[in-house]
Amino acid sequence: SGNISLIKNVSFFVDSKEPKISSTLPKSKTFTNGSGFYVKYTEDNCKSLTLNIYGNVYNKTTSMNCSSGKNIEKIINVNVSYFNTQEVEYQFIIRDIADNSEESKRVRIKVDTTRPIINSFVNSSNRRRVTFTLNITELNFDEVNYIDYNDTRPGIRTLCSSLRNGICASTKTFHAGNHSITITVFDNARNIAQRNLGFSLL
């Protein structure tokens, strides 16, 4: 019988470039409530992207879809209520189809998933001056601000940037007429508590 020759086309794929993570958020030593974890990376053939959170007793891994390309940015929200009040470390890990991987450095952050509590809120007016007094429970207090929707140019204004024995007391001057106001209490992890009020000044 004649000779049989086999011709086989073999194509294989080479991915020699390592994945590269260029930046992550939140920053070290800041607070998070689980929203706004961020990673920026470059990888031509992304296979997997995971976010690991390392707690005191428990670790959490969240996998997400990854796009391939240059300077890809991803923002993800993670339920971190299990870690509330803890300091944890987080790290992004990216793998390509050739199983090269890159890990971002572990970053230590603080978790706060508890909203501020407004225990009491009173406002009293003297002519056009209105005094706001809020009693607030919040370990990681950031600020209290307000917006007056009846202002000619409504903008966010600060009421208090610190608490004295849990109290924010501040007096502001308003123009005559009706006012519709939203007061917002923020903590450092951007958890909020709000109160709406309306009043009229002669």
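This note goes through salt bridges, strand pairing and a surface patch in a predicted model.

1. On the salt bridges overall: the count comes to six in this model. Four residues, namely Glu-87, Glu-89, Arg-106 and Arg-108, are linked in a network of such bridges, and the next three points take the pairs of this network in turn. As background, side chains of opposite charge can pair when their charged atoms come close.

2. On Glu-87 and Arg-108: these two residues form a salt bridge in which the closest N and O atoms are 3.0 Å apart. Glu-87 belongs to strand 7 and Arg-108 to strand 9 (residues 107–111), so the pair ties together parts that are 21 residues apart in sequence. Both ends are partly exposed, Glu-87 with a relative accessible area of 32% and Arg-108 with one of 33%.

3. On Glu-89 and Arg-106: the side chains of this pair meet in a salt bridge with an N to O distance of 3.0 Å. Distant parts of the chain are linked here, since Glu-89 sits in strand 7 while Arg-106 is found in the loop between strand 8 (101–103) and strand 9, 17 residues apart. The two partners fall into separate accessibility classes: Glu-89 counts as buried at 18% relative accessibility, whereas Arg-106, with a relative accessible area of 43%, is partly exposed.

4. On Arg-108 and Glu-89: a salt bridge is also found between these side chains, at 3.7 Å from N to O. This contact again links distant parts of the chain, with Arg-108 in strand 9 and Glu-89 in strand 7, 19 residues apart. Arg-108 therefore takes part in the network through Glu-87 as well as through Glu-89.

5. On strand 9 and its neighbours: the side chains alternate along this strand, with Val-107, Ile-109 and Val-111 pointing to one face and buried, while Arg-108 and Lys-110 point to the other face and are not buried. Such alternation between the two faces of the sheet is what a regular strand shows in general. Strand 9 is joined to strand 7 by four bridges, and these two strands run antiparallel; strand 2 (residues 31–32) is joined to strand 9 by two bridges, and in that case the strands run parallel. Lys-110 of strand 9 stands opposite Glu-87 and also opposite Phe-31.

6. On the sheet of strands 10, 11 and 14: three strands form an open sheet in the order 10-11-14, with antiparallel pairing. Strand 10 (117–126) and strand 14 (167–173) stand at the edges, each with a single partner strand, so one side of each is left without a neighbour in the sheet. Neighbouring strands of this sheet are turned by 15° against each other on average, direction ignored. Strand 11 (residues 129–137) pairs with strand 14 in the antiparallel sense over seven bridges, and within strand 14 the bridge partner of Phe-132 is Ser-170.

7. On the surface: Val-57, Tyr-58 and Tyr-82 make a nonpolar surface patch of about 340 Å². Of these residues, Tyr-82 is placed in the loop between strand 6 (69–76) and strand 7 (87–96). Tyr-82 is partly exposed, with a relative accessible area of 47%.

Definitions and conventions
Residues are numbered from 1 along each chain as its sequence is written. This is a predicted model: local features need pLDDT of at least 70, side-chain atom pairs count only at pLDDT 80 or more; totals for chains, interfaces and linings use all residues. Side-chain values use heavy atoms; hydrogens and water are left out. Patches are made of residues with over 30% relative accessible area and no salt bridge: like charges are joined within 9 Å, nonpolar side chains (Val, Leu, Ile, Met, Phe, Trp, Tyr) within 5 Å. Accessible areas come from the Shrake-Rupley method with a 1.4 Å probe; for residues, only the protein chains shown count as cover. Buried means under 20% relative accessible area, exposed over 50%, partly exposed in between (1.4 Å probe, protein chains only). Two strands pair if DSSP finds at least two bridges between them. Axes are lines fitted to C-alpha atoms, for helices over the stretch in contact, and angles run from 0 to 180 degrees between N-to-C directions.
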